[in-house]
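Work through the exercises below with the sequence and the three-dimensional view side by side. Try each task before reading its solution.

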Amino acid sequence: MNKPTMNKPTMSKPARSEAEAHLARSRETLAVIQRMEAALAANSNRMDEHFHADFTWRGNVGCGVKQGLAAFRRNWQLPLRAAFTQRIYKTEKFLADGDWASCFGQIEATHSGAFMGIPPTGRRVIISYMDFWRVEDGRIADNPVFVDFAAVLAQLGRDVFAGEGWEAFDRAERIPPAPPENPL
């Protein structure tokens, strides 16, 4: 008499293949980004190796939006290099998911050129940032960016919030407003 056999549950091959392909794509995307970051840290002028010519760089207020590699170099990369020298890039964490990657970190740099109307001070500053990239065909096609220029300006003696920053709530210097109670 034959005993019935119990089949072990297994992951279907297509699902595993999809997951493996996604992981491989994530690794490829991260490699593209890490090569680009290394090139930036080395002051490379060969950004065409890392970015599509028509990519979009989308910064927060104060940074602007750059359409294409030429605008990125002219209106972001070179002005940043002119204002801040002796840059040390310190990425805290990279994340990758398929065609997208992101990181957060900071640049430690010397304020050596004009920045937002402030003449060079020689001060070391910390420029915190978050970067997001979408990679297509081995190069960056889209790049939303958030750079904390308000903190950089504060380090250079300019309070863009004119004393109204919410850190005053954290230090208990001011009482935070609250919406009126809404009884139901």
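The exercises that follow concern a predicted model, and they move from strand pairing to single residues and then to charged pairs.

**Exercise 1. Which strands pair with S5, and in which sense do they run?**

Solution. Begin with S4, which is joined to S5 by 11 bridges, the two strands running antiparallel. Within this pairing, Ser 102 stands opposite Phe 132 of S5. Next take S6, which also runs antiparallel to S5 and is joined to it by 6 bridges. Here Arg 134 has Asp 142 in S6 as its bridge partner. Finally, look at the connection between S5 and S6: the two strands form a hairpin with 2 residues between them, and Asp 137 in the turn has a positive phi of about 55°.

**Exercise 2. Which side chains of strand S5 are buried, and to which face do they point?**

Solution. Start from the general rule that side chains in a regular strand alternate between the two faces of the sheet. Then follow strand S5, which covers residues 124-136, and note that Val 125, Ile 127, Tyr 129, Asp 131, Trp 133 and Val 135 point to one face and are buried. The other face is taken by Arg 124, Ile 126, Ser 128, Met 130, Phe 132, Arg 134 and Glu 136, which are not buried. One residue of this second group, Met 130, joins Phe 104 and Phe 146 in a nonpolar surface patch of about 270 Å². Phe 104 itself is found in strand S4, and its relative accessible area of 35% makes it partly exposed.

**Exercise 3. What does strand S1 pair with, and how many bridges are there in each pairing?**

Solution. Take S6 as the first partner: strand S1, residues 51-58, pairs with S6 in the parallel sense over 4 bridges. Then turn to strand S2, residues 65-67, with which S1 pairs in the antiparallel sense over 3 bridges. Thr 56 can be followed into both pairings, since its bridge partner in S6 is Asp 142, while in S2 the residue opposite Thr 56 is Gln 67. The hairpin of S1 and S2 has 6 residues between the strands, and Gly 62 takes a positive phi near 100° there.

**Exercise 4. Is Asp 142 buried or exposed, and which residues does it touch?**

Solution. First place the residue: Asp 142 lies in strand S6, which covers residues 139-147. Second, compare its relative accessibility with the cut-off: the value for Asp 142 is 11%, and buried means under 20%, so Asp 142 counts as buried. Third, list its surroundings: leaving aside residues up to four places away in sequence, Asp 142 touches Phe 55, Thr 56, Arg 58, Trp 100, Phe 132, Trp 133 and Arg 134. Among these residues, Arg 58 has a side chain that is joined to the side chain of Asp 142 by a polar contact of 2.7 Å.

**Exercise 5. How many salt bridges does the model have, and where do the partners of two of them lie?**

Solution. The count comes to 10 salt bridges. For a pair within a helix, consider Arg 25 and Glu 28, whose closest N and O atoms are 3.1 Å apart. These two residues lie 3 residues apart in helix H1 (residues 13-41), so about one helical turn separates them. Arg 25 is partly exposed at 21%, and Glu 28 is likewise partly exposed at 45%. Both belong to a network of salt bridges that also includes Asp 99.

For a pair between strands, consider Glu 108 and Lys 90, which form a salt bridge with closest N and O atoms 3.1 Å apart. This pair links distant parts of the chain, because Glu 108 is in strand S4 (residues 100-111) and Lys 90 is in strand S3 (residues 84-97), 18 residues apart. Glu 108 is partly exposed at 21% relative accessibility, and Lys 90 is partly exposed at 38%.

**Exercise 6. Where is Phe 161 found, and how many Å separate its C-alpha atom from that of Val 135?**

Solution. Phe 161 is found in the loop between helix H3 (149-155) and helix H4 (167-170), and at 48% relative accessibility it counts as partly exposed. The C-alpha atoms of Phe 161 and Val 135 are separated by 36 Å, while the two residues are 26 residues apart along the chain.

Note on methods. Residues numbered from 1 in each chain as written. Predicted model: local features only at pLDDT ≥ 70, side-chain atom pairs only at ≥ 80, totals over all residues. Heavy atoms only, no water. Salt bridge = Lys/Arg side-chain N within 4 Å of Asp/Glu carboxyl O. Buried < 20%, exposed > 50% of the residue type's maximum accessible area, 1.4 Å probe, protein only. Polar contact = N/O pair within 3.5 Å; in protein donor to acceptor, adjacent residues only side chain to side chain. Contact = heavy atoms within 4.5 Å. Patch = residues over 30% accessible without salt bridge, like charges linked within 9 Å, V, L, I, M, F, W, Y side chains within 5 Å. Areas by Shrake-Rupley, 256 points an atom, 1.4 Å probe, with all protein chains shown as cover. Pairing = 2+ DSSP bridges.
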